[in-house]
Amino acid sequence: MTLAIVLAADPAAGHLTEPGRPAGEPLTERLAAQWRRAGADDVRIAADLTELADLVAAATGPVLVSGADLVAHTAVLKHLATSPVGPTVALVLTDPPAPGQATVREERGQVVEVDAADASGVFGGALRVGPADLPALADAARRAAGAAPDAPDARLTDPASAPGVGAADGGPRNAVDRLVADLAARGTLIFAQRVRLLVAHRVGDEAQRAAAEAAVAAVDEDRAELKLSVKERDDFFTTFFVSTWSPYVTKAAARIGIGPTGVTMVSVAFAVAAAVLFGVGGRPALVAGAVLLYLGFVLDCVDGQLARYTRHFSAWGGWLDTMADRFKEYVVYAGLGFGATHAGFRYGWALALAAMTLQTVRHMTDTWYGALHDEAARRPKVVSADAGGIGGKLNAASTRVQADTGSVSYWLKRTVVFPIGERWALIAIAAALFGPLVALVAVLVWGTLAFAYTGGLRTLRARWMRVPVMATVDAGLHRDDGVLARTLPTTRRPLLLAVLGALGSAGTLVWALLAVHGGGDLPVFVPVLALVLLLGAAQASRAPHEGSLDWLVPAALRAAEYLFAIAVGVAGRAPAWLIFGYVLVLTLHHYDLTARLEKRQSAPPLHAATLGWPGRSLLLAIGLIAGYASIALATLGAYLLVVFVASVVLAWVVLPARARGGVRSPG
């Protein structure tokens, strides 16, 4: 249940009037009605901060708070109420700040400082506070209520402790501004909700109110919302070859009542059909597959645009979108691998495996570097240190390029990293013109170069940031260690051990390839030695992950496990498609973990049953030594797939149904 509170204690509440109403009547009723239209289940008008604190203390769901000086489209309030970026979100405007209004500095979509000297916006007078942060909000309201209106909390307005407009100039704090300043001072994670295309202004007199309402009336709200469904910053191919016409598909889908999940499923069907056509081969099939792949990617963009346009966000939808994207891409790799093999190239499946492994390891570094950067954004003093070093210079250069939207350097930077739009475009064009083999080789070459480029730059910047991101999360969970790792003695230096494990697996794979190519068998001591190195990496499970580069540990462990599984399959002469299928199941399991990390969710219900990467590697090694590598891969892969499906059903159907007291499919 979402509670909205309009605070009538702000100075504006006493003198702004609604047209046609008696003079002196405040605008609180108008905002209350807008919050109801924005989706709030319960709307209250609080006379002061004490009453607000009491309402917040009794709330059990998200709380929406606004002052009485905000004039905005209802869609602005709805976007704030339904924002998927985080539990606590503040409205941020680009208006010049008035006395008493809090300015904010944003980084990576987070409000990292209030009343900063280098502010990037002004607090918009409205925020959504997640359930976990409600005690802090109630306490902040009680603290602010203890300060007289003309003499607010000195800790929040002292120029020495909180520089910036509205504090340093001695102007009195508006009530809601005091709340957001207090929350930020407590270290609450606050995300920024920027207003784009729509209108929102904080007003202080009748002239400002009239101007703001005229600006609101001048904008077609629905048309603006459709434009807002497209990401503000996207990659080159998506921006110029998809988003130019995908909003029309989004509008049509909304009119006929297709939800984001339905669009995602159609996108999956298109990708699977493209994969089948790539496998069939022949110019007509390859061209048709390329067209379907492109249309599937368009629909992949439409599902997100539709969610933003209709404001139908859900944890299930976000998780499904992440998982579907990876499944679609890897099924296409499988189709290309089969097609290349069918066309006479012996190592078609090997190239598909290499592409899938490379892309998964890249995604793991993307996820963890993003978490690192978010953590660094919340520690601005750490980031600002040693600004003259190479990491600081790279950070400053990257910031300048990202700010120069539309420039050649901006588009080059966004393209060279080989995002999903460029990957799918390259696959479609290369497959249609040259065939599956060239498409796979092109993906591997560009992907490797992009990995080297991003990995090198991120490593330098991470060393400069000096933020131990792995120390802020459940390292054992996201390492995917399992029971076996927790029983081993603990050693330190997790990154070094993970890299050694990956190198051991890579060496085993090379040896297996040479042995099989020469008609021989892999010596038993080779997989045993690789397993020893893997178990050595597992010993760092409970060690502190405090190094500036320990964000690379999950990616290194993924590489170690995948390469070892491929080596077992090669040495045991397992069918290539079986090896691919086993690694595909592993990637789904690991993407499930990273999707939950990004959505701040708990571990999958049956995570313990997946045995952890050390346990899985041990079972495969035993199967290889016993001469049953294919059976081990097939059995363990089928088991993991069953556990994955059961975990999905439990997480998204059974447990939510029990919480609701009924049974209903996720939507």
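**Notes on helix α10, the cores and the cavities**

1. In this predicted model, helix α10 spans residues 246–256, and its buried residues are S246, P247, T250, K251 and A253. When α10 is viewed down its axis, these buried residues fall within an arc of 165°, so they line one face of the helix. A general point helps in reading this pattern: an α-helix has 3.6 residues a turn, so residues three or four places apart point the same way.

2. The other side of α10 carries Y248, R255 and I256, which are exposed. What do the buried residues of α10 pack against? They pack against two helices, namely α8, which covers residues 221–228, and α12, which covers residues 283–310. After α10 comes G257, and the phi of G257 is positive, near 85°.

3. Within helix α10, the residue K251 deserves a paragraph of its own. Is K251 buried or exposed? Its relative accessibility is 19%, and K251 therefore counts as buried, since the cut-off for buried is under 20%. The side chain of K251 makes a polar contact of 2.9 Å with the side chain of Y309. If neighbours within four places in sequence are left aside, the residues in contact with K251 are D222, L226 and Y309.

4. Turning to the nonpolar cores, the largest one has 120 residues, and those with the most contacts inside it are F278, W319, Y333, F580 and Y582. Helix α24, residues 553–571, gives the largest share of this core, with 15 residues. As general background, nonpolar side chains in soluble globular proteins tend to be buried together.

5. For Y333, again leaving aside neighbours within four places in sequence, the contacts are A352, A355, M356, Q359, R423, I427, L440, V443 and F580. Apart from the largest core lies another core, which has 35 residues and includes I5, A138, A175 and L179.

6. The last point concerns empty space. How many cavities of 30 Å³ or more does a search of the whole structure find? The search finds two, and the largest cavity has a volume of about 90 Å³. This largest cavity is lined by 13 residues, of which H589, T610, L640, V643 and F644 are the closest to its centre. The elements that give two or more residues to the lining of the largest cavity are α25, residues 576–598, and α27, residues 629–660.

Methods
Residues numbered from 1 in each chain as written. Predicted model: local features only at pLDDT ≥ 70, side-chain atom pairs only at ≥ 80, totals over all residues. Heavy atoms only, no water. Buried < 20%, exposed > 50% of the residue type's maximum accessible area, 1.4 Å probe, protein only. Helix = DSSP H or I, 4+ residues; strand = E, 2+ residues; numbered from the N terminus. Arc of directions from axis to C-beta. Contact = heavy atoms within 4.5 Å. Polar contact = N/O pair within 3.5 Å; in protein donor to acceptor, adjacent residues only side chain to side chain. Core = buried A, V, L, I, M, F, W, Y, C linked by side-chain atoms within 4.5 Å. 1 Å grid on protein atoms, 1.4 Å probe; cavity = no way out; pocket = protein on both sides within 12 Å on 5 of 7 lines; lining within 4 Å. Points joined across faces, edges and corners; volume = space filled by probe spheres on them.
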